[in-house]
Amino acid sequence: MNDLFVYTLRLGDDALIAAQRTAEWIAAAPQLEEDVALGNIGLDQLGQARSLLQYAGQVEGADRSEDDLAYFRDERDFLNLQLCELPNGDFAHAMARLLYFATYQHLLYEELRGCADEMLAGVAGKAVKEVAYHVDHATQWVLRLGDGTEESHRRMQAGLDALWPYTAEMFESDDLVRRLAVAVDPSTLQAEWERRVMAVIDESTCSRPVASYQHSGGRTGRHTEHLGYLLAELQHVARSHPGATW
Amino acid sequence: MLAGMDSFQATIDADGRIEPRDAMPEGYRKTLIRQIAQHAHSEIIGMQPEGNWISRAPSLRRKAILMAKVQDEAGHGLYLYAAAETLGVDRADLLDLLHSGRQKYSSIFNYPTLTWADIGAIGWLVDGAAIVNQVPLCRCSYGPYARAMVRVCKEESFHQRQGFEILHTLCNGTPAQKAMAQDALDRWWWPSLMMFGPPDSASTHSEQSMAWGIKRHSNDELRQRFVDMTVPQADVLGLKVPDEGLSYDEETGHYRFTEPDYTELYDVVKGNGPCNQQRLAHRVKAHEDGAWVREAAAAYAGKQASRREGSAA
């Protein structure tokens, strides 16, 4: 398979699966303002996914659209991070995931917007502004919850800890990213990511999560059990009517 | 005080706008609080039947449009609650009234969304009916409500077009898609007609609201307007309105139609609809699950304020 196709698919799948989870919060958020904010964030993620999947289809040259790629691939063909597919927990869990993921995306898109591939650079240039807002939103909430009440502190700590074992996967390097000139080698982002995330965690009065077993496999299509269910829901109407347009 | 009430009546008579600081009769204030709050509740409960299809929307474009639409509804809820707050009530108290069942929301949202076509039908019929109800509210005598309605109506008209477009695509698609569209119209037609409330002969709130310039047209007038607008659109879609009594009256230029079964409306309003329990339970759960978050935000804001005070001293 074409390296650029696979690389673009990785980024697109991250955004798509993250959007699907974020959208689950709409009409279930702690307050109306947050329904609006999470709706915004989910829409940004979905918009990034659409641009990236459209481009992936174009790069592949097999005439697959964004919808072909989103609705007619099976779980072993999805290349997203496991962090994105984990089921939603409480609101602190959601903000921990957003802090981890959006900080990573922000660093990644900042690099990618200067890359030689015009399309990827364009998508990254737009997305970097969006994810800067996501980082800010997550940061504000991690501070409020970490330094709010006893209960919110406990929940914030639990969210940060529960997702920590899924963070190293973001920074895994492999032959593909080293071979593909336009790709950002994610291992180069890790130190700055840790610096930024730890600064927020410290200010929130939570403790830094301790080093732990780290999950891996999303980039090669090995996922948690949860992705199958997420895709079953996402894909079922489209697959029930093959060839239909909507 | 008398002078205040005189000027209230003079403003109403001149078709002017009452603003938050103006004197107003207690009944006027109460009626508006009830109406605006129930309108706001309808927006946020209405997020559920449509939100039900975000995860399953059959294309990424449709998913994005639906997310944006449900988000719009949250936004409508926000500024309607803000409009109600200009009358001296609190959003938190209004939410308590909703959660405890003491204030209602539009009973249309107590029907389930069973297929993707229902998302089209809600946009086309439910938002269509909402527009017919709400356009006259842009001229409501209470300024903040009238101004909120101007913005709401603009967005609703976009929602209605996207609903029609969903159905138009289905009706020009496969036989299964077209059947899905017809089934949705069959189920949503009668509840949509009920959105205009009881017939004029049985409407309890209408007369006073008309005199105060809150309400501009009777329920039956608005219902007729909706039918006249919608039937030709059903023809464009190639769908059959499920009313054997439907016919065009050349003389009046209006459609004759069968009245919906109002006992069903009264029943659903009382709490006996397919989704009443589910909708309220979901809302209450989201609110209760979020309580610790709202408490934390308040506690944090308090700490920040005292830190600022400490550093200023």
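**Exercise 1.** In this predicted model, work out how much space the second largest pocket holds and which residues sit nearest its centre.

*Solution.* Start with the volume: the second largest pocket holds about 410 Å³ of space. Next, go to the lining, which is made up of 20 residues. Nearest the centre you'll find A:I26, B:Q48, B:G51, B:N52 and B:H282.

**Exercise 2.** Find which helices supply at least two residues each to the lining of that second pocket, and which one gives the largest share.

*Solution.* Take chain A to begin with: α1 (3–23) is on the list. Then turn to chain B, where α2 and α11 (276–289) also qualify. The largest share goes to α2(B), with four residues. Now sort the lining by class: eight residues are nonpolar, eight are polar and four are charged.

**Exercise 3.** Now do the largest pocket: give its volume and the residues closest to its centre.

*Solution.* There's about 1,400 Å³ of space in the largest pocket. Its lining counts 47 residues, and B:Q38, B:S106, B:N133, B:M195 and B:G197 are the closest to the centre.

**Exercise 4.** Break down the lining of the largest pocket by element and by class.

*Solution.* First, list the elements that give two or more residues: in chain B, these are α2 (26–51), α5 (117–134), α6 (143–171), α7 (175–194), α8 (206–211), α9 (219–237) and α10 (262–270). Second, pick out the top contributor: α2(B) gives the largest share, eight residues. Third, split by class, and you get 21 nonpolar, 17 polar and nine charged residues. Looking back, α2(B) has the largest share of the lining in the largest pocket and also in the second largest pocket.

Definitions and conventions: Residues are numbered from 1 along each chain as its sequence is written. Chains are lettered from A and ligands numbered from 1 in the order in which they are written. This is a predicted model: local features need pLDDT of at least 70, side-chain atom pairs count only at pLDDT 80 or more; totals for chains, interfaces and linings use all residues. Side-chain values use heavy atoms; hydrogens and water are left out. On a 1 Å grid over the protein atoms alone, a cavity is a set of points where a 1.4 Å probe fits but cannot get out, and a pocket is an open set with protein on both sides within 12 Å along at least five of seven lines; lining residues have an atom within 4 Å of a point. Grid points are joined across faces, edges and corners, and a volume is the space filled by probe spheres set on the points. Ala, Val, Leu, Ile, Met, Phe, Trp, Tyr, Cys and Pro count as nonpolar, Asp, Glu, Lys and Arg as charged, and the others, Gly among them, as polar.
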